[in-house]
Amino acid sequence: MFKQEQLDKISAKKKGWEEKLEATKKKRPERKNKFETHSAIKVEPVYTPLDLADMDYERDLGLPGEYPYTRGVQPNMYRGRLWTMRQYAGFGTAEETNKRFRYLLEQGQTGLSCAFDLPTQIGYDSDHALSKGEVGKVGVAIDSLQDMEILFDQIPLGKVSTSMTINAPAGILLAMYIAVAEKQGVERAKLNGTIQNDIIKEYIARGTYILPPEPSMRLITDIFEFCSEEVPNWNTISISGYHIREAGATAAQEIAFTLADGIAYVDAAIKAGLDVDKFAPRLSFFFNSHLNFLEEVAKFRAARRLWAKIMRERFGAKNPRSWTLRFHTQTAGVSLQAQQPMVNIMRTAYEAMSAVLGGTQSLHTNSYDEALALPSDESVLIALRTQQVIGYETGVCDTVDPLAGSYYVESLTNGVEEQAQEYIDKIDALGGAPKAIEFMQKEIHNAAYKYQVEIDTQERIVVGLNRFQMEEKKLEDLLKVDLTVGDNQERKLKKLRAERDNAKVESILAALREAAQGDANLMPIFIDAVKAYTTLGEICGVLRDVYGEYQQQIVF
Amino acid sequence: MNEKRIRVLVAKPGLDGHDRGAKVIAQALRDSGMEVVYTGLRQTPEQIVSAALQEDVNVVGMSILSGAHATLFPEVVKLLKEQGAEDVLVVGGGIIPEEDIPELKAAGIHEVFTPGTPLDKVVNYIKENVKN
């Protein structure tokens, strides 16, 4: 980017400046012993063209919407349309969540994002012994198509796009969504949305797995195949670094482990006989946006560049849509504090701004009360308004990738990419992500422990927690999940089992058992099963029987 | 000095998969000289109590972020008592609303640590309160 002659001049000048800097440091010592990013990249006092001496604009950045997509996946980015403002919501019963969904849509939200409770995510009905105490707690309880019909009542599925945070039983929830849409008269080919469907990060960091890796990967490739034919606008997977980061990973680890998981899915689908350019355009990603503002921007840019190279060079994809990394972002839940919770609004706003400057396709902003409870109507509204302020008032969306060319941001982009590439190489050497789960868990745990020790020793300052503490009033109006949700779900299930055609359910479950033992695509039978009001727990019960359950290795 | 080392079971009851906190606490306790066993995810109260007895621990520390603490923590205390292990110090942590804490304490949870607690505070509490 710079002529050698220019660089030599700058280099000579900088030597003199460095002497000045040393003299200044004697008078005004530096605030910290070391300056580094969350990924432990050393931060210099100043960046100049010398730090980008090897950069080749065409090769490393390119123009927006062009390979390697460092600057964004579309040519005009937010000048065309702002990101999708998508608040993750779900609690209690389908009725309550339906109300929250409709409230958010009325307030100008542009897409839905559904949280399911843990029994739903792990494939147990609400009346299962292991569901005790968990029904409706971290998301909405869905036992059968009946609940799903209530959840999307009066929401036109042909018009909204819906993201569902569902992994191990993703195919079954997608089947329910298709069934509800068809009841509304919307064809499946018209549906827009995303299922998370990323099992590897469940093993690594999130914990809602059911089956062992092999059958889980088969369910995932079944979904890829089915959707490429029948639900062409559906994002069949959201390969997620969010939870890996929440578990303690650094920025570089977050993208490295996520892209390594992505490589594993692409490998599996190619092995299953699918054409890479047929399924890869529907792969999507999900990242965290944490507090180190500029490293986060750099991280998103580095992730796009890495993925483009992986898809084009490693997998030989020809379709440019296969090269683009499209992603959803959520601000960092772990950065929220229980102390002085209103301060969380500021943290979230900066994190959201990083995601926007990093070129996200959709965004969830956390609510200020989430270190204490599920968000209230009031706190979730402020979170949504934060996005609207960024989008409509700050002007950062008026040009594409405005931080490009910053010596620091480009250096960080290179730094995060290099560190991530080293991790990807290590994971490749271990035989790929499914074989490197314990390695990744150990790395994440070490980073999490280091972060906590830094807070405890005040090497890392957290406002209101280890500095600037004060006596405070308790936050009022926290959301409380109705404790009778579990009983209500149990009653509903009892009634459902008494009223539905049980002979039909039995015969479908027998057919499912047989299909699961063979290798036909399981999606059509999931759709038949949910339409007959077979419960989620019954379907997953058969899968558990046929394939067994995943046994976690304990690493810490 | 031949003081017996404190033995701790760190447990994740229920279906919650968030184990960052549990593992960080487990390591801090281990670094402070205690012997620590971590159960892994998705433990029923019965499994936790049986592991506590088998490992002969002095302390059971549980972590829940899903909101199921009110159901699962007291169940563990109850089962420990039934097994004659009422000497075991039981502590809990996670996203636990302040107003739930008195009830948990009344049910026999000795202390509840909420977000933002420094590691030292947990280590010291256990050292000072354990019946060894």
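User: Across which strands of chain B does α3(B) lie?

Analyst: This is a predicted model, in which local features need pLDDT of at least 70, side-chain atom pairs count only at pLDDT 80 or more, and totals for chains, interfaces and linings use all residues. Residues are numbered from 1 along each chain as its sequence is written, with chains lettered from A and ligands numbered from 1 in the order in which they are written. Helices (H or I, at least four residues) and strands (E, at least two) are DSSP runs, numbered from the N terminus. Running at about 170 degrees to β4(B), with angles taken from 0 to 180 degrees between N-to-C directions of axes fitted to C-alpha atoms, for helices over the stretch in contact (C-beta atoms, placed from the backbone, within 7 Å), α3(B) lies across β3 and β4 of chain B.

User: Which are the edge strands of the open sheet in chain B?

Analyst: Two strands pair if DSSP finds at least two bridges between them. The open sheet of 5 strands has parallel pairing and the order β2-β1-β3-β4-β5. The strands that pair on one side only are β2 (35-38) and β5 (111-113) of chain B.

User: Which residue is the bridge partner of B:L9 in β2(B)?

Analyst: Strand β1 (residues 7-11) of chain B pairs with β2(B) in the parallel sense over 4 bridges. In β2(B), the partner of B:L9 is B:V37.

User: Which element gives the largest share of the side of chain B that touches chain A?

Analyst: Chain B brings 27 residues to the contact and chain A 32 residues. Elements giving two or more residues to the chain B side are α1 (20-31), α3 (69-82) and α5 (119-129). The largest share, 5 residues, comes from α1(B).

Technical notes
Two residues are in contact if their C-beta atoms, placed from the backbone, lie within 7 Å.
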